[in-house]
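Here are my notes on the structure you sent round, set out as numbered points. Please read them alongside the coordinates.

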Amino acid sequence: MGPTRKPNVCRRLSRRALGCFSRDAGVVQRTNLGILRALVCQESTKFKNVWTTHSRSPIAYERGRIYFDNYRRCVSSVASEPRKLYEMPKCSKSEKIEDALLWECPVGDILPNSSDYKSSLIALTAHNWLLRISATTGKILEKIYLAPYCKFRYLSWDTPQEIIAVKSAQNRGSAVARQAGIQQPVLLYLAVFRVLPFSLVGILEINKKIFGNVTDATLSHGILIVMYSSGLVRLYSFQTIAEQFMQQKLDLGCACRWGGTTGTVGEAPFGIPCNIKITDLPPLLFEVSSLENAFQIGGHPWHYIITPNKRKQKGVFHICALKDNCLNENVLTVTASGRVVKKSFNLLDDDPEQETFKIVDYEDELDLLSVVAVTQIDAEGKAHLDFHCNEYGTLLKSIPLVESWDVTYSHEVYFDRDLVLHIEQKPNRVFSCYVYQMVCNTAEEEETINRSC
């Protein structure tokens, strides 16, 4: 049973105005979020579909900003109608942005330029340029040419807001070589940078002659994660690899002679040579087998999440202690983002008359578990977003989504403080974005207003 006493928003606001809280900024922030949580969950609060838009290119969302046209057009989701923040000039197909990360200014760091104190978009283009773009104006602040010898395609955080990993597409070799049975030894490349100002850590090649018949690799929290088709996942220390196998330290913007060619590191056409080449198998930190290589690591003390390596176990997650591989029986549910939460849900069968849970996630600032539930009625599905108390599992709020929900389409739902955003991908690359905002009044909800960007 959860607590019956409800927080009094007016009392909290009065206490905040009188300065009745600690001078610690963290306490004030938690108080503000507690007030927002109470407003979100109160009965009279509604979430209203304030605008809807459609696009032929993917739509992305990040902290109050909606990106269209491969990140070249940015719209604020905070306003009650679409408000364009910026639109970059049109570009050729080879210059389009393929992936991006939002970088936010670190607290307490002294930065070289005043523009560095504002959020930036770190973007990767189709022709191997790494850009830092102002998140408010779209102006390009920094640019680095990566390399001519491979096609870089993916961005991820190695250490959030500090170190990024740029991953290449896998090297499949030419069709003629594949038909002749000739395999390319290098599967992919990983370029690693510290951000703001950009500085190069190094570019690492993943070589099958060293790691065996590896199918994929990635970098996370200083750990090189190598995956195999059997489901085997192996972990290595990237720092140890860099110290042991770096052929030459390279600095962006400096002259370099490599393989008989001279150029400037990070500038076209020279780019950045691959300066970390593993010649012997590095020390193994850890290995485990998991279905489809599903593996996440984190927590304190360290735990990892896997799916048992059997087809019938798909959808089942085991949380194990890293020190002894023991299964943690006390943890019941893991969200798609890897957070452990305290409430368990039993998935309903795919019965058209019942609800199925499609997306489960945790809103850490408001300490709410959000669940998208879908009911299929005839040919049309209807969905609602439910907020549950993370501590007790109590249903606190249910928000109906006005648009139909086709379970065969790809869906993303974001709950960000007072905003709910639904991105849907339909066949033939048609993308739709539905924006809901919190409305605090007791009047009847007005008709849905659909506006296009």
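**Notes on the predicted model**

1. Met88 sits in the loop that runs between β5 (83-87) and β6, and this is a predicted model, which should be kept in mind throughout. Because its relative accessibility is 8%, under the 20% cut-off, Met88 counts as buried. When residues up to four places away in sequence are set aside, Met88 touches Tyr71, Arg72, Ile133, Gly138 and Ile140. One of these contacts, Gly138, lies 50 residues from Met88 along the chain, yet the C-alpha atoms of the two are separated by 6.1 Å.

2. Ser119 belongs to another loop, the one between β6 (97-103) and β7 (120-125). With a relative accessible area of 18%, Ser119 is under the 20% limit and is therefore classed as buried. Its contacts, leaving aside neighbours within four places in sequence, are Arg65, Leu102, Trp103, Glu104, Ile133, Ser134 and Ala135. Ile133 thus appears in the contact lists of both Ser119 and Met88.

3. The largest nonpolar core has 30 residues, of which Leu130, Phe152, Ile164, Val166 and Phe193 touch the most other members. At least two residues of this core come from each of β6, β7, β10 (152-159), β11 (163-168), β12 and β13, and β12 gives the most, with 4 residues. Apart from this core lies another, of 25 residues, which includes Ile163, Val192, Val226 and Phe245.

4. Ile164 deserves a separate look: neighbours within four places in sequence aside, it is in contact with Leu101, Ile122, Leu130, Leu155, Ser156, Trp157, Asp158, Ala191, Val192, Phe193, Val195 and Phe198. Among these contacts are Leu130 and Phe193, both named above with Ile164 as residues of the largest core that touch the most other members. Val192, also in contact with Ile164, is a member of the other core.

5. In helix α5 (residues 238-245), which residues are buried? They are Phe238, Ile241, Ala242 and Phe245, and because they cover an arc of only 100° around the axis, they lie on the same side of α5. Gln239 and Glu243, on the other side of α5, are exposed. The cover over the buried residues of α5 includes β12 (186-194), β13 (199-207), β14 (214-220), β15 (223-228) and β16 (232-237).

6. The N-terminal end of α5 is capped by Ser237, with a side-chain oxygen 3.5 Å from the backbone nitrogen of Gln239. Gln239 is also one of the exposed residues of α5.

Methods:
Residues are numbered from 1 along each chain as its sequence is written. This is a predicted model: local features need pLDDT of at least 70, side-chain atom pairs count only at pLDDT 80 or more; totals for chains, interfaces and linings use all residues. Side-chain values use heavy atoms; hydrogens and water are left out. Buried means under 20% relative accessible area, exposed over 50%, partly exposed in between (1.4 Å probe, protein chains only). Contact means heavy atoms within 4.5 Å. The arc is that of the directions from the helix axis to the C-beta atoms. A polar contact is a pair of N or O atoms within 3.5 Å; within protein, one must be able to donate a hydrogen and the other to accept it, and residues adjacent in sequence count only if both atoms are side-chain atoms. A nonpolar core is a set of buried Ala, Val, Leu, Ile, Met, Phe, Trp, Tyr and Cys residues joined through side-chain atoms within 4.5 Å.
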